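I opened this notebook to keep a careful record of what I looked up in the structure. The entries follow in the order in which I made them.

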Amino acid sequence: MPVQEPDPQGPAALLVAALLAMLAHISRMLRRGWPGILRLTAGGLGAAVSGFTFGAFVIGISTQEVRPELTGSP
């Protein structure tokens, strides 16, 4: 039985489909008027806060010492 090669466009097609679905969802939210805009804003703010918190947590538990030349202190 021959080995089937993976489709090189598979991951790209999946990414494009996900982006189009996301744009369609945002479009539907914005068509609802102010409630949709507020929900979109609240979702964006929540994503930003959770991303910042996760980044701060990862930096906080990091055990690697930061080199002095990166901090700007002598």
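**Entry 1, Gly-72.** I looked up whether Gly-72 is buried or exposed. Its relative accessibility is 67%, and because exposed means over 50%, I wrote Gly-72 down as exposed. I then noted its place, which is in the segment after α3. I also looked up how far Gly-72 lies from Gly-36, and I found that the two C-alpha atoms are separated by 44 Å, while the residues are 36 apart along the chain.

**Entry 2, confidence.** I reminded myself that this is a predicted model, and I therefore looked up how confident the predictor is in each part of the chain. The average pLDDT of the chain is 84, and 91% of the residues score at least 70. Which elements have the lowest and the highest mean pLDDT? The lowest mean among the elements, 71, belongs to helix α3, which covers residues 68-71, and the highest, 91, belongs to α2. I added a caution for my later reading: where pLDDT is low, the predicted coordinates should not be read in detail.

**Entry 3, Trp-34.** I turned to Trp-34, which I found in helix α2. Its relative accessible area is 64%, and since this is over the 50% that exposed requires, I recorded Trp-34 as exposed. From Trp-34 to Phe-57 I noted 34 Å in space, C-alpha to C-alpha, for a separation of 23 residues in sequence.

**Entry 4, the nonpolar patch.** I looked up which residues join Trp-34 in a nonpolar patch on the surface, and they are Leu-30, Ile-37 and Leu-40. Together the four residues of this patch have about 390 Å² of accessible area. I asked which element gives the largest share of the nonpolar patch, and I found that helix α2, residues 34-61, supplies it with 3 residues.

**Entry 5, the positive patch.** I also found a positive patch on the surface, which is formed by Arg-28, Arg-31, Arg-32 and Arg-39. Of these I followed up Arg-39, whose place is in helix α2. Arg-39 has a relative accessibility of 54%, and I counted Arg-39 as exposed because the value is over 50%. I closed the entry with a note that helix α2 holds both Trp-34, from the nonpolar patch, and Arg-39, from the positive patch.

Note on methods:
Residues numbered from 1 in each chain as written. Predicted model: local features only at pLDDT ≥ 70, side-chain atom pairs only at ≥ 80, totals over all residues. Heavy atoms only, no water. Patch = residues over 30% accessible without salt bridge, like charges linked within 9 Å, V, L, I, M, F, W, Y side chains within 5 Å. Areas by Shrake-Rupley, 256 points an atom, 1.4 Å probe, with all protein chains shown as cover. Salt bridge = Lys/Arg side-chain N within 4 Å of Asp/Glu carboxyl O. Helix = DSSP H or I, 4+ residues; strand = E, 2+ residues; numbered from the N terminus. Buried < 20%, exposed > 50% of the residue type's maximum accessible area, 1.4 Å probe, protein only. Lys, Arg positive; Asp, Glu negative; His and termini not counted. Charge placed at Lys NZ, Arg CZ, Asp CG, Glu CD. pLDDT = per-residue confidence, 0-100.
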